[in-house]
Amino acid sequence: MSAAVHPWPVITLTFGAEQILADANGEVLTYPVIDGAAAPEVAADAAAEACRRLGLAVCRVQGHTEDGSVFEMVVDAQLGTLEEHQPPESPGAAPKRRGLRMGVSTRAGGSRAAVTKSQRGRTAVVWGSVGVLVLAVGTSTVVGAQDGGGEPVAVVHTPAPAQLPVPSPAGWDTYAAWSTPMGGSEVKAVLDGKGRPVSVDGHQLTGHDPATGVAQWSRTAPFTVTQTAMVTVEGRSRLAAATGKELVLFEESSPEPVRVEVPQEATVVVDGGTVPRLDLPTQKSLLVSTDGGTVSRVVPAAAEPLEAQGEDLIAADTEVGKVWRIGTDSAALPTPATLPAPSPGAELTGILGSVEGRVVAAWKDGRQTVVGFYDVDEATDATSVKQVAVRELTGPPPTASSVQIDRAHGLLLASSVLVDVEATTVHRLEGQGTLSAGYAWVTAGGEQSRINRHGRTEATTTAEQAAVPDVITETGMALTRAKSAAEGSLYALLVSGPTPTAGPSPTASPSRTAISEESSR
């Protein structure tokens with residue numbers, strides 16, 4: 001072993017017929033066992049990964065089999081070895097008789113502490129036909145703690161600081177307090193229910209400490225993830241991970257994914273309301289429940305889904321301004337509501353979207369553009385709407401063809417019009433932009449501007465093609481994805497780095513614009 005073994009924490013390995021579970025302080029990792037002969041190697045890999053998750057170099061391990069047998073072991077995460085552990089005995093003490101013991105290693109020749117090939121042949125763990133572990137006949141190797149010990153110090157693997165390889169978002173430096181590889185993933189980072197950034201690398205989703213980047217939890221999806229969102233299913237927060245045709249849900253207390261059966265012809269919409277939707281070409285939407293099941297909702301002819309609200313679907317016919325709130329799977333649809341015009345003669349130009357049951361529509365009234373806000377009643381037998389606000393806007397009406405919605409912040413961006421759905425305000429921007437992290441990011445005239453929900457510019461940068469953050473933490477870090485020549489990573493950017501930094505290219509200098517006072521309100 002490379003270090004002394006502290007008595008706590010203890011990793012629990014549970015051996016089943018087809019898989020090994022490693023429990024590290026409540027975080028459970030599942031490792032399938034396809035080849036019985038490889039069971040010792042799988043067990044060592046599972047224990048080593050669990051040890052790394054705890055931030056330790058070595059750790060005690062308890063192995064539990066289906067027949068009730070318990071093995072005391074120790075894992076070395078650096079060497080990848082899993083060996084029998086026997087506490088050091090005082091000098092002169094008589095050797096204690098022990099029950100069944102196990103000694104395995106998966107790294108032949110890696111260290112003098114590792115079991116040799118011949119020893120491994122005599123002490124190998126055998127994967128029995130009934131799914132339990134038995135020890136082959138022969139002697140076992142006992143490896144104690146390293147001499148000179150003392151209690152080991154837990155080593156927390158903190159991601160190193162880094163420089164963003166592209167221009168920084170307006171108001172932030174290119175200096176990242178930490179960064180983590182995302183394997184070139186294009187999936188936007190999200191914040192989990194406790195405000196921790198979630199990175200995606202292939203099948204792996206990891207929640208990080210916002211300040212240090214240290215992994216706080218990890219989940220594995222059964223597919224390569226292309227979309228994520230935090231959703232609320234039956235009042236409980238869930239992390240949805242999906243592709244266009246596959247979907248799983250994760251809850252905070254369990255690493256096991258809840259798999260949703262997605263029909264082959266369905267399209268997965270993870271950020272289409274409070275719960276994920278599965279939209280079918282047969283004028284139906286399936287709304288996902290917490291156990292992975294779905295409820296069917298009929299979409300009226302000529303209408304399209306706007307938003308899922310729990311088990312209700314809000315749909316609209318954007319041509320005539322009719323809105324439905326559908327709460328059953330019956331083909332007998334509720335009576336729709338017609339959006340009232342803001343003034344006599346006003347012409348509906350489009351329904352822009354719905355956020356938390358509030359529909360936003362654009363109207364043309366002579367030479368004036370008008371944006372109306374309408375709350376949809378919760379009753380599903382006959383839909384009714386209430387006009388809560390009407391706002392006038394200069395310029396042409398926004399189109400519904402390029403709408404972006406930031407549901408976490410209650411914002412909507414249609415063309416160059418920024419809409420605060422909750423506050424019922426509208427603002428015409430200087431150009432089209434990207435809606436993300438509670439801001440509109442507008443690039444025009446060689447500058448990127450960060451526009452807040454009140455339509456005011458908080459910061460600008462002269463760098464062209466500046467990055468746009470996915471999320472901003474409570475402490476003001478901008479989590480930004482970027483690709484370098486080697487790989488894609490997620491960067492936790494500070495407003496100002498500890499020392500002046502050079503830009504990655506002559507045309508990509510870091511922004512030094514501080515966040516305005518309004519940003520901190």
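**Stop 1: two loops with an unusual backbone angle**

Start by selecting Gln283, which sits in the loop between strand E21 (277-280) and strand E22 (284-288). You are looking at a predicted model, so every stop on this tour is a place in a prediction. What is the phi of Gln283 near? The value is near 60°, which is positive, and this residue is not a glycine. As background, most residues other than glycine have a negative phi. Turn on the surface and you will find Gln283 partly exposed, with a relative accessible area of 33%.

Now jump to Ala437, in the loop between strand E36 (433-436) and strand E37 (439-444). Ala437 also has a positive phi, about 55°, although it is not a glycine. Is Ala437 buried or exposed? With 10% relative accessibility, Ala437 counts as buried.

**Stop 2: the largest nonpolar core**

Next, select Ile11, Leu13, Ile20, Cys51, Val61, Val75 and Leu82 together: among the 25 residues of the largest nonpolar core, these touch the most other members. Which elements give two or more residues to this core? Color strand E1 (10-15), strand E2 (19-24), helix H1 (39-53), strand E4 (58-64) and strand E5 (70-76), and you have them. Helix H1 gives the largest share, nine residues.

Another core lies apart from this one. It has 24 residues, and you can find it by selecting Ala229, Val270, Leu286 and Val299, which are among its members.

**Stop 3: two cysteines and a strand residue**

Go back to Cys51 and show its sulfur atom along with that of Cys59. Why do these two not form a disulfide? Their sulfurs are 4.9 Å apart, which is too far for a bond, and a disulfide here requires sulfur atoms within 2.5 Å. Each one is out of the way of the surface: Cys51 is buried at a relative accessible area of 0%, and Cys59 counts as buried at 1%. You can stop hunting for disulfides elsewhere, as the structure holds zero of them.

While you are here, select Val58 in strand E4. At 5% relative accessibility, Val58 counts as buried. Then add Ala77 and draw a distance line between the two C-alpha atoms: they are 5.9 Å apart in space, although 19 residues separate Val58 and Ala77 in sequence.

**Stop 4: salt bridges**

How many salt bridges are there? The count comes to 14, and three of them make good viewing.

First, show the side chains of Glu49 and Arg52. They form a salt bridge whose closest N and O atoms are 3.3 Å apart. The two residues are three apart in helix H1, so about one helical turn separates them. Arg52 counts as partly exposed, at 37% relative accessibility. Add Arg53 to the selection as well: Glu49, Arg52 and Arg53 are linked in a network of salt bridges.

Second, select Asp192 and Arg196, whose side chains meet in a salt bridge with an N to O distance of 2.7 Å. Are these two buried or exposed? Both Arg196 and Asp192 are buried.

Third, pick Glu251 and Arg238, which meet in a salt bridge at 3.6 Å, N to O. Glu251 lies in strand E18 (residues 247-251) and Arg238 in strand E17 (residues 236-242), so this pair ties together parts that are 13 residues apart in sequence. Rotate the view to compare the partners: Glu251 counts as partly exposed at 27% relative accessibility, whereas Arg238 is buried at 5%.

**Stop 5: the largest pocket**

For the last stop, select Val190, Met230, Asp271, Asp406 and Ala408. Of the 35 residues that line the largest pocket, these lie nearest its centre. The pocket holds about 940 Å³ of space.

Which elements give two or more residues to the lining? Color strand E12 (190-191), strand E16 (227-233), strand E24 (304-309), strand E32 (403-406), E36 and strand E40 (471-472). The largest share of the lining, six residues, comes from E16. E36 may sound familiar, as it is one of the strands that flank the loop of Ala437.

Finally, color the lining by residue type: there are 15 nonpolar, 12 polar and eight charged residues.

Conventions: Residues are numbered from 1 along each chain as its sequence is written. This is a predicted model: local features need pLDDT of at least 70, side-chain atom pairs count only at pLDDT 80 or more; totals for chains, interfaces and linings use all residues. Side-chain values use heavy atoms; hydrogens and water are left out. A nonpolar core is a set of buried Ala, Val, Leu, Ile, Met, Phe, Trp, Tyr and Cys residues joined through side-chain atoms within 4.5 Å. Buried means under 20% relative accessible area, exposed over 50%, partly exposed in between (1.4 Å probe, protein chains only). Helices (H or I, at least four residues) and strands (E, at least two) are DSSP runs, numbered from the N terminus. A salt bridge is a side-chain nitrogen of Lys or Arg within 4 Å of a carboxyl oxygen of Asp or Glu. On a 1 Å grid over the protein atoms alone, a cavity is a set of points where a 1.4 Å probe fits but cannot get out, and a pocket is an open set with protein on both sides within 12 Å along at least five of seven lines; lining residues have an atom within 4 Å of a point. Grid points are joined across faces, edges and corners, and a volume is the space filled by probe spheres set on the points. Ala, Val, Leu, Ile, Met, Phe, Trp, Tyr, Cys and Pro count as nonpolar, Asp, Glu, Lys and Arg as charged, and the others, Gly among them, as polar.
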